[in-house]
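Me: I am new to this structure and would like a close look at a single part of it. Please first set the scene, then take that part piece by piece.

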Amino acid sequence: MSELALLGGKKLRSQPFPAYRVMSSEEAEAAKRVVETGVLSKFLGTWHPDFWGGPEVKAFESEWAAAYDAKFALSVNSATSGLYAAVGAAGVGPGDEVIVSPYTMSASAAAALIFNAVPIFADIDPKNYCLSAETIRARLTPRTRAIVVVHIFGQVADMDPIMELARERGLVVIEDCAQSPSGTYRGRKVGTLAHMGIFSLNYHKHVHTGEGGVVTTNDERFADRIALIRNHAEAVVAGKGTTDLVNMIGFNFRLGEIESAIGRIQLAKSKDLVERRQENVRYLEGRLAGLPGLAMPAVGPGASHAYYIHALSYDRKVTGVSRDLVVRALKAELPHTTLREDEGPLLGQGYVKPLYLQPMYQQMIGYGTVQCPFKCPHYAGNPDYTLGSCPEAERAHFEGLITHELMRPGMSRADLDDVADVFAKVWSMLPELRAHEKRNGT
Ligand SMILES: Cc1ncc(COP(=O)(O)O)c(C=O)c1O
C-alpha cells in the first residue's frame with residue numbers, strides 16, 4: 001500500500017491544529033464596561049453632535065488614526081461598507097469605470113457597482129498578485145474615474161508608480177488593506193499611500209471585532225463624505241449645510257460601541273500578531289526551501305508582508321504533477337484547525353476565482369432586468385469579462401498557487417514542523433503521484 005494518505009496510507013498528522021485566538025479577558029472587560037453604560041451605540045442619523053458616534057467610536061477612531069499616521073480614521077461596520085463609502089466619497093457614478101484587481105474578495109469590485117459604475121479588471125503582477133502601474137495603464141479609458149488597489153494576501157502593492165499614474169490622469173486611488181493591517185511601504189503605512197484606505201475587522205482577519213472595518217484618509221473632504229455616506233447622508237445634508245449632493249444617499253454603516261471598545265484593544269495587539277505571523281513564516285519557509293517547483297512569496301522592495309495567506313507558487317513543469325493532485329495529497333495528510341472544523345485543512349488551490357468569471361459579470365446582470373450598470377445608457381464602454389482577459393490571475397488561480405493559513409499565531413514550532421514534514425512527504429512521493437496521475441488523471 002502507498003505511504004500517501006491520499007492513496008490509503010497513514011495520515012502524517014491527525015491531531016487538529018490549534019485555533020487562532022485573539023480575544024482575552026481585556027476584550028471581555030471592555031465589552032462589559034460598555035454594556036454596563038447601557039449605551040451600545042450613540043450614533044444619530046441627523047445633524048447633531050451624535051452624528052459622529054459615541055465615546056468608544058471616537059476613541060477607537062483617534063487611536064486608529066494615530067497608529068496609521070492618518071489624519072482621519074472612520075469606523076464602519078465592515079470593510080465592504082468601507083469600500084462602498086470610499087467609492088461613493090470619490091464621486092464615482094453612472095458612466096464611470098473603476099479599475100480593480102480580479103484576484104480579490106468580491107466586495108472590492110462590488111463597491112463600483114453600488115454607485116452604478118462598471119468594474120474593469122486589470123491583471124495582477126505575478127510577483128505579488130496585486131495590480132501594478134503597467135497592468136492598470138493597459139485598462140485606462142476616458143471613463144476611468146478610480147482605482148481600487150488590493151494589498152492581497154498581506155502583500156503591499158508597488159504604490160509609488162501607481163500613484164504617479166493616478167496623478168497624471170486625475171484618478172482617485174483606494175487601497176483595500178483588508179488583508180494587510182500594519183503593512184508598510186517605503187517607510188509609510190498602508191491606508192495612507194493613496195487617497196483612502198480600507199481595513200477589515202471581520203472574524204477571519206488578523207485582528208477583529210466580529211464584524212467591523214475602518215477607512216483612513218488624509219483628505220478632509222473625503223473624510224466628511226465618508227461620514228455622511230456611513231450615516232444617512234440625505235437626512236443630514238440640509239442641517240449640516242452640505243451643498244455637494246453627489247452620492248449623498250446614505251447607508252447605515254455605523255460601528256457599535258462594543259465593537260469599537262474591543263477594536264481599541266485589538267488595534268494595540270495587531271502589530272505583535274502580524275510579527276508573530278512573519279516569524280512563523282520565516283521558520284516554515286526555512287523548512288520548505290529547496291522543494292523543487294515550489295517558490296515562496298517574494299516581498300516587494302521596501303514593502304512588508306502581513307501573511308494573511310501564505311501563497312506558494314507551484315510549477316508543474318518542474319514536478320510533473322498537476323497542482324490540484326498535489327494539493328489533494330497535501331490535504332489528505334493534514335488535520336483541520338480547531339474552530340474552523342467544517343473547512344477541512346486550511347490549505348487549498350488558489351484563492352477566489354477571478355471575479356469576472358462570476359455569473360454576475362458573465363451575464364452582466366446587476367440592477368433589475370435591464371443589465372444596469374453594464375448596459376446603462378450613460379455607459380459608453382464595453383467591459384471585457386472573457387476567459388483569458390487577465391491571464392496572470394487565471395494562471396495563479398487555476399494552476400500556479402497553493403495557499404494556506406497554517407502559519408497563524410497559535411501554531412507551535414512542532415505544528416509548523418508537521419506542516420513542513422507534510423510537504424516533504426508529498427514531495428518525496430512525487431514519482432508515485434506522477435504514475436497515479438498518468439493512470440487515473442487528477
Ligand atoms: C481583500 C478584501 N476586501 C474586502 C473584504 C471585505 O471585508 P468585510 O468582511 O469586513 O466586509 C475582504 C474580506 O474578506 C477582503 O479579503
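Reply: The radius of gyration is taken here over C-alpha atoms, and the globule rule is 2.2 Å times the number of residues to the power 0.38. For the 442 residues of this chain, that rule puts a compact globule near 22 Å, and the chain's 23 Å agrees with it. The model is a predicted one, in which local features need pLDDT of at least 70 and side-chain atom pairs count only at pLDDT 80 or more, while totals for chains, interfaces and linings use all residues. Residues are numbered from 1 along each chain as its sequence is written.

Along its principal axes the C-alpha trace spans about 75 × 55 × 40 Å, and the chain holds 15 helices and 13 strands, which are DSSP runs numbered from the N terminus (helices are H or I, at least four residues; strands are E, at least two). Buried residues, those with 20 or more other C-beta atoms within 10 Å of their own (12 or fewer means exposed, anything between partly exposed, with C-beta atoms placed from the backbone), make up 50% of the chain.

The part to look at closely is helix α6, residues 159–169, whose buried residues are M159, I162 and A166. Seen down the axis of α6, they fall within an arc of 65 degrees, so they line one face of the helix; the arc is that of the directions from the helix axis to the C-beta atoms. On the face turned away from this buried side, α6 carries the exposed residues E164, R167 and E168.

The buried residues of α6 pack against helix α5 (133–137) and against the strands β4 (144–150), β5 (172–176) and β6 (184–185). Just after α6, G170 takes a positive phi of about 65 degrees.

For the wider setting, the largest nonpolar core, a set of buried Ala, Val, Leu, Ile, Met, Phe, Trp, Tyr and Cys residues joined through C-beta atoms within 7 Å, has 126 residues, and A86, V87, A112 and I174 have the most contacts inside it. Its largest share, seven residues, comes from helix α3 (residues 79–89). Leaving aside neighbours within four places in sequence, V87 is in contact (C-beta atoms, placed from the backbone, within 7 Å) with several residues, including A112, A146 and I174. Another core, of six residues, lies apart from the largest one, and among its members are V34, A261, I262 and I265.

Conventions
Two residues are in contact if their C-beta atoms, placed from the backbone, lie within 7 Å.
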